Amino acid sequence: MVLNSQKIKVGVFRALLGLMPLLLMGLLTLLTFYLVEKNTPQEKKTTLERVRLHEPDYTIVDGTLTALNELGTTKYRVTGKKLIHYDDDASMDVLTPRMRLFQLNKAPVTVKADTGHIDGDVTIMDLYDNAQIYRPAQAATETQAASARMLAASSYFKVFINDDIIETDKPMILEQGMSTMNSTVGGTFNNVDQSMRLLGRVKGRIERAPKEAQ
């Protein structure tokens, strides 16, 4: 019995010796991976990850994005011939975006352009090339005076979706009724009271509104 026990111990020892090269190779591989990971600059790793992941994960043709307010009615609606969604930051590129902004008891405002981009939090939409803000004429009501048709045009508009604010720092042309004004550095449109504030040097002409529009 003693002899058999010694043979078993010798066999186990030889088996362990045979596994030693594999164990050493595994340990060396882990050590090499650790050293490479530790010595790779964080900036380089972040850049490589961003380049690798910022790619479309799905595309919607003739898509519509709608949001409701606390009353359950439509707050805004975005449509586009093509909506391209990106996986890494959840942002979207929009081809021929058209956005409708709604305010209670006011005419809906339409914002459009050739191309657009919506951030991942759906708080900001950037509109590029042939960007326009359009508000139709509105008849007088018990609470507000009549307003003439308004059209603002620029090469760029930034829509702050949650704040109902649209602004640009690019040259802008504003038409309201028969009046026309040009701003050198853009302006800000407030959709809550549907007012436009022009910035920089402003030139143009102001025409008296027809009696029916007053």
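Strands β5 and β7 (residues 124-135) run antiparallel to each other, paired over 3 bridges. Within that pairing, Val 111 has Ile 133 of β7 as its bridge partner. Keep in mind as you rotate the view that this is a predicted model.

Strand β5 has another neighbour to look at. Strand β4 (residues 98-101) also pairs with β5, again in the antiparallel sense, and here the count is 4 bridges. In this second pairing, Arg 100 sits opposite Thr 110 of β5.

Thr 110 is worth a stop. This residue belongs to β5, which covers residues 109-112. Is Thr 110 buried or exposed? Its relative accessibility is 7%, and since anything under 20% is called buried, Thr 110 counts as buried because of that 7% value. The pairing with Arg 100 also shows up in the side chains: those of Thr 110 and Arg 100 make a polar contact at 3.2 Å. If you skip residues up to four places away in sequence, Thr 110 touches Arg 98, Met 99 and Arg 100, and also Gln 132, Ile 133 and Tyr 134.

Now step over to β3, which spans residues 92-95 and has a neat alternating pattern. Met 92 and Val 94 point to one face and are buried, whereas Asp 93 and Leu 95 point to the other face and are not buried. Which strands does β3 pair with? One of them is β2 (residues 74-86), joined to β3 in the antiparallel sense over 4 bridges. In that pairing, His 85 has Met 92 as its bridge partner, so to speak handing us back to one of the buried side chains of β3. The hairpin formed by β2 and β3 has 5 residues between the strands, and in this hairpin Ala 90 takes a positive phi near 65 degrees. The other pairing to follow is with strand β6 (residues 115-118), which meets β3 in the antiparallel sense over 4 bridges. There, Leu 95 is matched with Thr 115 of β6 as its bridge partner.

Next, the empty space. Rolling a probe the size of a water molecule over the atoms reveals where space is left empty. What volume does the largest pocket have? About 240 Å³ of space lies in it. Its lining includes Leu 68, Asn 69, Glu 70 and Leu 71, then Thr 73, Thr 74 and Lys 75. Phe 102, Gln 103, Leu 104 and Asp 164 are lining residues as well. By type, the lining divides into 4 nonpolar, 4 polar and 3 charged residues.

For a contrast with Thr 110, go to Arg 201, in the loop between β13 (195-198) and β14 (202-205). Arg 201 counts as exposed because its relative accessibility is 59%, and the cut-off for exposed is over 50%. Even so exposed a residue has contacts: leaving out residues up to four places away in sequence, Arg 201 touches Asn 182, Ser 183 and Thr 184. Arg 201 and Asn 182 are 19 residues apart in sequence, with 8.1 Å between their C-alpha atoms.

Finally, zoom out to the whole protein chain. There are 2 helices and 14 strands, and buried residues make up 25% of the 214 residues. Among contacts between residues at least 6 apart in sequence, 41% join residues at least 24 apart.

Methods
Residues numbered from 1 in each chain as written. Predicted model: local features only at pLDDT ≥ 70, side-chain atom pairs only at ≥ 80, totals over all residues. Heavy atoms only, no water. Buried < 20%, exposed > 50% of the residue type's maximum accessible area, 1.4 Å probe, protein only. Pairing = 2+ DSSP bridges. Polar contact = N/O pair within 3.5 Å; in protein donor to acceptor, adjacent residues only side chain to side chain. Contact = heavy atoms within 4.5 Å. 1 Å grid on protein atoms, 1.4 Å probe; cavity = no way out; pocket = protein on both sides within 12 Å on 5 of 7 lines; lining within 4 Å. Points joined across faces, edges and corners; volume = space filled by probe spheres on them. Nonpolar A, V, L, I, M, F, W, Y, C, P; charged D, E, K, R; others polar.
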